[in-house]
Amino acid sequence: MNLIGHFVDGKRVSGSSARRGDVFDPATGRRTAQVELASATDVAVAVEAAERAARSWRDASLARRTAVLFAFRELVHARRDQLAEVITAEHGKVLADAAGEVQRGLEVIEYACGIPSALRGGYSENVSTEVDSYSLRQPLGVVAVISPFNFPVMVPLWFVPVAVAAGNAVVLKPSEKDPSAALLLAEWFAEAGLPDGVLNVVNGDKEAVDTLLEHPAVKAVSFVGSTPVARYVYQRATMAGKRVQALGGAKNHMVVLPDADLDLAADAAVNAGFGSAGERCMAISALVAVEPVADELVARIAQRIAGLRTGDGRRGCDMGPLVTAAHADRVRSYVEAGVAAGAVPVVDGRDVTPDGDPDGFWLGPTLFDHVTPDMSIYTDEIFGPVLSVLRVASYDEAVALVNASPYGNGTAIFTNDGGAARRYQHEVEVGMVGVNVPIPVPMAYYSFGGWKSSLFGDLHAHGPDGVAFFTRGKVVTSRWLDPRHGGVNLGFPTQT
């Protein structure tokens, strides 16, 4: 049985802990490896390596940092198919989806290659007589990144390239469910010239997380996961005096107005609802149909679902399995709860016949109609291929429904009315909005993040917010005296 360890101080290592976690191929249900679950001592060793590396890396020139980022970008680009295969083998998403994940991660690497421009400060001459002021941004030191199972490449790449380019050292704790991709990224960073200790990877569970949240050398924590855990990470790390960005869960709504192109809307609902088996924080899980379009829209969505092939992601299927047996059982329980609550199962994913091993963690696309806001399939983040249709009578009712949600990650509106779209983007209380775009994930030079219980902290991921998060500002006020200066003045300094 393959044993997956850690990456510390430039090499793969084994830790001191005897605890192990199982890694599965979700399409077959077979255990393919075990992963070491780091002890507090193992995490401390990684943090110490990062501390040592941070002292010299912060002084590395911007030219050197940029050269490493460019070399890393070329390695990831050349080996993107290999990375996609690793994602599919441990997460289960289909190869095309895995390749798309790698591409979105590449975009952040490319943004980080422009770090010299992103770190430029400002300069003001003669703020007072012969006194100049200027601003600059400096790295924090050691930062931690805690990433989820659903994007084992993209989410680490949201944070690590920007943190490293800004001059920090990183300890990355990936999900123990699919740990191999993070180790590959660390090895490729080293191959690109990143000094030993600047990027370390520790695999583990809550013990590793808690150690990172409390370790005094860790200055900042970036986290992506469920809302309860994001809240826990934010509260515990901020109490320890750390800077935190903790991205939580979501219940993303797609509002379809009566004037919308229903074929476009139906395509979008299927793509955004069932891509990656719904295991996306930006998945559309609630479709809000403004009458009288619901009947026709539901029929078109059901027609498209009938043409989907669920199965092994290496066989050209449209949708793969869920990540673990336990998670598949959890999502299946929500389908059962929806039926019990009175929602109409237009398509029941429990009946799927997968193109894959019968022991895989399967659940097909599921479509519920006549869902009401009190049902658990609407209120809870299911994180699976379950799309709920809610019917409302008006635009105003749709906006009220979206804004009443405790989540505020992403939303979309489908309409041909520019005025309605502009009004929606202004009124909706959500951090990322799509207009006829079902998954409005920003490009890397903008920042990713939601509102309300979808984000704990003030700064979003990557883009300008990412640079601000991984650096701290400093303002210098200087006077270089010339021979004409002299005399004593005890008065309060003024701008003269």
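## A helix across the sheet

In this predicted model, helix 15 (residues 418–427) lies across strand 13 (252–256), strand 19 (410–414) and strand 20. Helix 15 runs at about 165 degrees to strand 19.

## The seven-stranded sheet

Strands 13, 19 and 20 belong to an open sheet of 7 strands, whose order is 15-16-17-14-13-19-20 and whose pairing is mixed. Strand 15 (344–347) and strand 20 (432–435) each have a single partner strand, so they stand at the edges, and one side of each is left without a neighbour in the sheet. On average, neighbouring strands of this sheet are turned by 20 degrees against each other, direction ignored.

Strand 15 and strand 16 (residues 366–369) run antiparallel and are joined by 3 bridges. Pro 345 has Phe 368 in strand 16 as its bridge partner. Helix 12 also packs on the sheet, where it touches strand 15, strand 16 and strand 17 (386–392). The direction of helix 12 makes about 25 degrees with that of strand 16.

## The largest pocket

The largest pocket has a volume of about 770 Å³. Its lining comprises 33 residues, and Phe 149, Phe 223, Gly 225, Ser 226 and Val 229 lie nearest its centre. By class, the lining has 15 nonpolar, 10 polar and 8 charged residues.

Several elements each supply at least two residues of this lining: helix 6 (154–165), helix 8 (206–214), strand 11 (218–224), helix 9 (227–239) and helix 12 (325–341). Helix 9 gives the most, with 4 residues.

## The annotated domain

The unreviewed UniProt entry carries the annotation "domain: Aldehyde dehydrogenase" for residues 16–476. This span is 41% helix and 22% strand, and its end C-alpha atoms lie 46 Å apart.

Methods:
Residues numbered from 1 in each chain as written. Predicted model: local features only at pLDDT ≥ 70, side-chain atom pairs only at ≥ 80, totals over all residues. Heavy atoms only, no water. UniProt positions renumbered as here; feature names shortened; annotations may be inferred. 1 Å grid on protein atoms, 1.4 Å probe; cavity = no way out; pocket = protein on both sides within 12 Å on 5 of 7 lines; lining within 4 Å. Points joined across faces, edges and corners; volume = space filled by probe spheres on them. Nonpolar A, V, L, I, M, F, W, Y, C, P; charged D, E, K, R; others polar. Pairing = 2+ DSSP bridges. Axes fitted to C-alpha atoms, helices over the stretch in contact; angles between N-to-C directions. Contact = heavy atoms within 4.5 Å.
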